[in-house]
Each structure stands twice: as C-alpha cells, then as structure tokens.
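Work through the exercises below with the sequence and the structure at hand. Try each task before reading its solution.

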Amino acid sequence: MSTLRRRLLPDSPLVHPVGLGCMGFSWAYENSRAEPAVDVIRAALDAGAAHLDTSDIYGPFTNEEILGRALRDGWRERAVVATKGGLATDGGVAGMRRDGRPEHITAACEASLRRLGVDVIDLYYLHRVDERVPVEETWGAMVELVRAGKVRALGISEASVEQLDVVQGIHPVAVVQSELSIWTRDRLHDVLPWCREHGTSFVAFAPLGRGFLTGAHGPEKVFDDDDFRSRLPRFTDEARTANQVIVDGVSRIAQRHDLTPGQVALAWVLAQSEHVHVIPGTTRRQHLAQNQAAAQVRLRAQDLDELAALPEPVGSRY
C-alpha cells in the first residue's frame with residue numbers, strides 16, 4: 001500500500017495519512033500568528049488533507065462552527081469530517097468533565113451536526129471513556145447514531161485495550177485515536193498492536209509533541225496564561241531544558257536529510273504502521289505543505305535507531 005494513501009474508514013476511499021487537527025483554531029493554544037482559519041482549512045483540503053479532526057469541546061463549540069463555515073460552498077464533498085462527543089465543560093479546560101450518558105451522547109451528536117452544517121458525520125468518536133458509565137451503554141448510544149444515518153463510522157479516543165475489546169464486541173471500532181509521538185510512545189506496545197490485529201486505523205494526535213518537537217518552544221519560550229501548555233508538566237522551564245536533548249536528536253536527523261524537525265517527527269510516527277494517520281495542527285498555510293510532505297519521507301534504519309535511543313521525556317503528559 002502506498003504511504004501517500006491509507007485506509008482511514010472501512011469501505012471508504014483511501015486518504016492522505018497527514019490530516020489536519022483543528023483544535024488550535026479556537027482552543028487551548030495561543031494564536032498570535034494565526035491566519036484566517038477558514039482559509040487554512042480550505043488550503044489543507046486543496047493540498048489533499050481530506051481528514052479534518054475537531055470536537056464539540058474545542059472552544060467549547062466554536063471549533064465545529066469554524067469547520068462548518070469552511071465546509072460550505074461545495075467544500076464538504078472533499079472532506080472526511082471527524083468530531084467527538086463525551087466531554088462537557090462549564091467553561092475552559094479546567095472545567096472539563098467526562099459525560100458518557102447515552103442521552104448526553106445523543107444530544108451532543110445532534111448539536112455537532114447543526115454546528116458543522118452537515119447531514120452526516122463521517123467519523124464520530126467517544127472523546128474519553130466516562131468511568132461512571134458502563135462503556136457499553138455509551139457505545140450503544142453511538143451505534144444508534146449509525147443506525148439512524150447520522151454517523152458513518154465510530155471511533156474512540158484514549159481507550160485501553162480492555163475497553164476496546166468491550167466496544168469491539170458490540171460494534172466495530174473504525175478508528176482509535178491516542179497521543180503518539182517521538183516523546184509519547186506508550187501506545188506502541190498495546191493499542192497499536194490491537195489496531196493491527198483488528199484492521200482498525202490509529203490516528204495519532206499531538207504527533208509534533210504540541211509543537212515542542214519542531215524546536216519552536218525552547219526554554220526561553222513564554223506561554224500565555226490561556227495557552228494550556230503553560231500548565232503541562234512537560235512544558236515547565238525545567239522540563240523543556242531537560243527535554244531539549246530530544247529536540248536536538250530530531251534536529252540532527254533533519255539537518256542530515258535537509259528536512260524540518262517537524263517532518264522527521266511526523267515521518268517517525270507514520271513509519272510505525274500502515275494503519276497510522278497523523279493530525280498535526282497548524283494555523284499557518286506554510287506549515288501545511290511541510291506537514292503533507294512528511295508522508296514522502298523515508299527514514300533510514302540508522303535514523304530510526306537514533307530516534308529510538310532518545311531518552312524518555314521529563315514530565316508527564318498532563
């Protein structure tokens with residue numbers, strides 16, 4: 001199978017493995033140099049990045065509205081639209097909570113359809129498993145959305161293998177989404193093998209380490225208070241100083257092959273399996289082309305060995 005086209009959803013056309021994560025257009029990150037979001041999304045579609053990923057919680061709610069505006073005027077037919085439900089918030093990241101009640105999932109999907117301005121969502125994820133609600137009840141409500149023709153395929157984000165086994169027994173899991181990057185490798189040893197076994201796609205979020213692996217956020221970087229990286233353990237000044245050795249290792253390989261560090265980081269993720277897709281986020285069209293080109297990069301065995309030898313990061317993900 002060509003690296004430039006991979007299966008994302010069952011019984012659907014192959015897509016470019018580098019999609020676009022839309023979260024940063026309206027949530028979580030500072031946007032001091034952002035270009036108009038609709039323009040960037042349409043430029044991504046023009047570049048072949050059909051896979052567009054959002055969630056109702058991003059904003060909250062405004063991210064889906066932005067994507068909905070970008071999909072107007074004939075652009076919808078060019079996109080694979082992925083969104084998520086199962087989280088709720090009283091406002092901002094700090095007020096976020098899990099809500100897997102069937103009635104919440106049903107209402108959330110209806111609201112997402114309205115905000116996106118679409119008749120059907122191509123890929124609908126359970127954003128996080130709510131431990132207070134049996135996952136089979138939540139998944140059952142999502143299956144009903146498929147039967148009603150409101151959703152084409154189901155996915156689940158950050159699930160364990162045990163949870164995947166439960167929901168797979170009820171209705172096929174088309175896609176699993178989890179964080180995967182050079183500095184977040186946990187899922188290589190459990191969830192990714194599960195996906196291979198079941199023919200399930202794996203979508204890697206934060207494949208650039210929330211921008212850190214590009215070299216753009218060294219110890220001298222000061223994050224705005226409303227940028228949620230300012231509260232992440234890996235993004236403290238001390239952690240970034242310690243983790244610079246990871247960026248340096250990625251940068252050495254990038255220089256060797258006349259690539260950007262970000263392209264090396266994306267190519268590493270894509271090299272882990274033909275089931276893997278990546279959804280890097282960007283608010284700048286210049287970076288779209290760089291990200292798309294990463295699918296053509298073939299890292300050598302020496303490169304992969306060097307990347308495998310890089311140390312574990314200092315600081316937990318959250």
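**Exercise 1: one helix**

Task: compare the span of helix 4 with the span expected for its number of residues.

Solution. Helix 4 covers residues 135–147, which makes 13 residues. From its first C-alpha to its last it reaches 18 Å, close to the 18 Å expected at 1.5 Å a residue. The expected span is 1.5 Å times one less than the number of residues. Helices (H or I, at least four residues) and strands (E, at least two) are DSSP runs, numbered from the N terminus.

The model is predicted: local features need pLDDT of at least 70, side-chain atom pairs count only at pLDDT 80 or more, and totals for chains, interfaces and linings use all residues. Residues are numbered from 1 along each chain as its sequence is written, and side-chain values use heavy atoms, with hydrogens and water left out.

Next, which residues of helix 4 are buried? Buried means under 20% relative accessible area, exposed over 50%, and partly exposed in between (1.4 Å probe, protein chains only). The buried residues are Val 135, Thr 138, Trp 139, Ala 141, Met 142, Val 143 and Leu 145. They pack against helix 3 (102–116), strand 6, strand 7 and helix 5 (161–168). Just after helix 4, Gly 149 has a positive phi of about 80°.

**Exercise 2: the sheet**

Task: give the strand order of the open sheet and find its edges.

Solution. The sheet has eight strands in the order 1-2-3-6-7-8-9-10, with parallel pairing. Two strands pair if DSSP finds at least two bridges between them. Strand 1 (20–21) and strand 10 (276–278) each have a single partner strand, so one side of each lacks a neighbour in the sheet.

Now take strand 6 (residues 121–126). Five parallel bridges join strand 6 to strand 7 (residues 151–157), and Ile 121 stands opposite Val 151. Strand 3 (residues 80–85) pairs with strand 6 over four bridges, also in the parallel sense; here Ala 82 has Leu 123 as its bridge partner. Six of the six residues of strand 6 are buried.

**Exercise 3: two helix pairs**

Task: classify the angle between helix 5 and helix 6, then that between helix 7 and helix 8.

Solution. Axes are lines fitted to C-alpha atoms, for helices over the stretch in contact, and angles run from 0 to 180 degrees between N-to-C directions. Angles under 35 degrees count as roughly parallel, over 145 as roughly antiparallel, 65 to 115 as roughly perpendicular and the rest as oblique.

The axes of helix 5 and helix 6 (residues 191–198) cross at roughly 25° and come within 10 Å. These two helices are therefore roughly parallel.

Helix 7 (residues 237–256) and helix 8 (residues 261–270) pack at about 100°, with axes 8 Å apart. That makes helix 7 roughly perpendicular to helix 8. In this pair, Val 250, Ser 251, Ile 253 and Ala 254 of helix 7 meet Pro 261, Val 264 and Ala 265 of helix 8; contact means heavy atoms within 4.5 Å.

**Exercise 4: a loop residue**

Task: decide whether Leu 213 is buried or exposed.

Solution. Leu 213 lies in the loop between strand 9 (201–205) and helix 7. Its relative accessibility is 0%, so Leu 213 counts as buried. Leaving out residues up to four places away in sequence, its contacts include Trp 183, Leu 208, Val 250 and Pro 261.
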